[in-house]
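Subject: A structure for you to look through

Hi,

Here is the structure I promised to hand over. Have it open while you read, and I'll walk you through what turned up.

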Amino acid sequence: MATLLKGAPVAKEIAALTAERAAKLAEEGITPTLALVRVGESDADVYYERAAMKRCEACGIAVRNYTFPDKVEEDELILRIRQLNVDDSVHGVLIFRPLPKHISDARVRASLDVRKDVDGITDASLGGIFTGTRVGFNPCTAESALSILRYYGVKLEGARAAVIGRSLVIGKPVSQLLMNENATVTVCHSKTKNLNEELRRADIIVTAVGKPGTVTVGAVRPGQVIVDVGIATDENGNMVGDVEFNDCAPFVGAITPVPGGVGAVTTAILAYHTVQAAIRARG
Ligand code: NAP
């Protein structure tokens, strides 16, 4: 049976470091502060917002909520983001996405100051992953996947990694972050031919699709490490990942559970980024 790569101990370690740094800032009279900007009442957003607030408050980070109705005008939302950009008491801004269709995601992303972009949504943050300039931050979920691999001592240098998914939120940044760690990376997506063949060749699989059954027992081999970022609901209403867990877990070396894997680490990374943003702002 595979080793379970649980997120909780990873999150605990990151949260402890975050709380320590937040306490030092507090001694200097600085309260690291995160603004949560939410449009609408989607269950997923409300759930994540609660989890983020709980995590931040436990680490000594203040949270301010800015909640807008579904029908909010794009300009009103952007005005708020611009106000947060120039508010020195706010160090990080998280904007819940996807936004409603009448709002331009590109315009909203472009309106955020990269220095406060704690979830890596701006072009400058994303570009920084490729260029190595640390102006912004990595997207939290992508960084969570890497944090799990590092915490459990998975060797990345020289490893063959297959990433399934090429979104800007997860697939692309995870691929580049793995490459930055000297892994040899194959990026798979909906047009990939012979997905199973690509996956079987890999030492590490990171899957971020959102479709249960994307990774089946036919795609895995002994010793592989699987990080399952996908989130979906099965026919019984249970949260599941992309991997057919019960079939694959007996064969592979290590695997993250869903729930309790990547998702458990994401809020700790968000809190960590907020404190780092406060440290950078202090100079
Ligand atoms: P997304 O934008 O929908 O991207 C999904 C990717 O999967 C696309 O690149 C798509 O390929 C690829 N894909 C779709 N069907 C495929 C198939 N049959 N075979 C291979 N690749 C396929 O989703 P996302 O925003 O990246 O999110 C991915 C998953 O992560 C979702 O389940 C989401 O809920 C979850 N998530 C988890 C966390 C967490 O903390 N654990 C946080 C955020 C999101 P194309 O590019 O060709 O369309």
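Let's start with the ligand: how far is a nitrogen atom of the ligand from an N or O atom in the side chain of K211? The answer is 2.9 Å. Before you go on, keep in mind that this is a predicted model, so everything below was computed from predicted coordinates.

**Around the ligand**

K211 has company. An oxygen atom of the ligand sits 2.5 Å from an N or O atom in the side chain of S167, and a polar side-chain atom of R166 is 2.8 Å from an oxygen atom of the ligand. On its own the ligand would expose 940 Å², and the protein buries 67% of that. There are 18 residues around the ligand, and the ones that come nearest are R166, S167, S190, G210 and I231. If you want to know which element gives the most to this shell, look at α10, with 3 residues.

**The cores**

Helix α10 (residues 262–282) turns up again inside the protein. The largest nonpolar core has 54 residues, and α10 supplies the largest share of this core, 10 residues. Domain 1 (28–116) and domain 2 (140–263) both give residues to this core, so it lies between them. For the overall layout, the C-alpha centres of domain 1 and domain 2 are 29 Å apart.

Which residues have the most contacts inside that core? They are L34, L149, V174, L178, I204 and V206. Take V206 and try finding its partners on screen: setting aside neighbours within four places in sequence, V206 is in contact with A162, V163, I164, V174, L178, V227 and V229. Two of the names you just read, V174 and L178, are in the list of residues with the most contacts too. There is also a second, separate core, made of 18 residues, and V39, F68, L99 and V108 are among them.

**Some backbone oddities**

A bit of background first: most residues other than glycine have a negative phi, and most peptide bonds are trans. Now for the exceptions here.

Two peptide bonds leading into a proline are worth a click. The bond from R97 to P98 is cis, with omega near 5°, and P98 belongs to the loop between β4 (92–95) and α4 (105–111). V258 and P259 are also joined by a cis peptide bond, with omega about 0°. You'll find P259 in the loop between β11 (254–255) and α10, so to speak on the way into the helix we met above.

Then there are two asparagines with positive phi. For N182 the value is near 70°, and this residue sits in the loop between α7 (171–180) and β6 (184–188). Is N182 buried, exposed or partly exposed? It is partly exposed, because its relative accessible area is 45%, and that category runs between 20% and 50%. N194 has a positive phi of about 50° although it is not a glycine, and its place is the loop between β6 and α8 (195–201).

**A few more residues to click on**

N138 is in the loop between α5 (123–131) and α6 (140–151). Its side chain makes a polar contact with the side chain of E143, at 3.4 Å. Not counting residues up to four places away in sequence, N138 touches V118, D119, G120, I129, E143, L177 and H273.

K54 is part of helix α2 (residues 43–58). With a relative accessible area of 66%, K54 is exposed, because exposed means over 50%. Here's a nice one for seeing what folding does to a chain: K54 and T267 are 213 residues apart in sequence, and their C-alpha atoms are 9.0 Å apart in space.

A249 makes a good contrast. A249 lies in the loop between α9 (245–248) and β11, and it is buried, with a relative accessible area of 1%. Leaving out residues up to four places away in sequence, A249 touches M1, A2 and I255. A249 and D88 are 161 residues apart in sequence and 48 Å apart in space, C-alpha to C-alpha.

Happy clicking!

Technical notes:
Residues are numbered from 1 along each chain as its sequence is written. This is a predicted model: local features need pLDDT of at least 70, side-chain atom pairs count only at pLDDT 80 or more; totals for chains, interfaces and linings use all residues. Side-chain values use heavy atoms; hydrogens and water are left out. A nonpolar core is a set of buried Ala, Val, Leu, Ile, Met, Phe, Trp, Tyr and Cys residues joined through side-chain atoms within 4.5 Å. Buried means under 20% relative accessible area, exposed over 50%, partly exposed in between (1.4 Å probe, protein chains only). Helices (H or I, at least four residues) and strands (E, at least two) are DSSP runs, numbered from the N terminus. Domain bounds come from an automatic or database domain assignment. Contact means heavy atoms within 4.5 Å. A residue is near a molecule or strand if one of its heavy atoms lies within 4 Å of it. A polar contact is a pair of N or O atoms within 3.5 Å; within protein, one must be able to donate a hydrogen and the other to accept it, and residues adjacent in sequence count only if both atoms are side-chain atoms. Accessible areas come from the Shrake-Rupley method with a 1.4 Å probe; for residues, only the protein chains shown count as cover.
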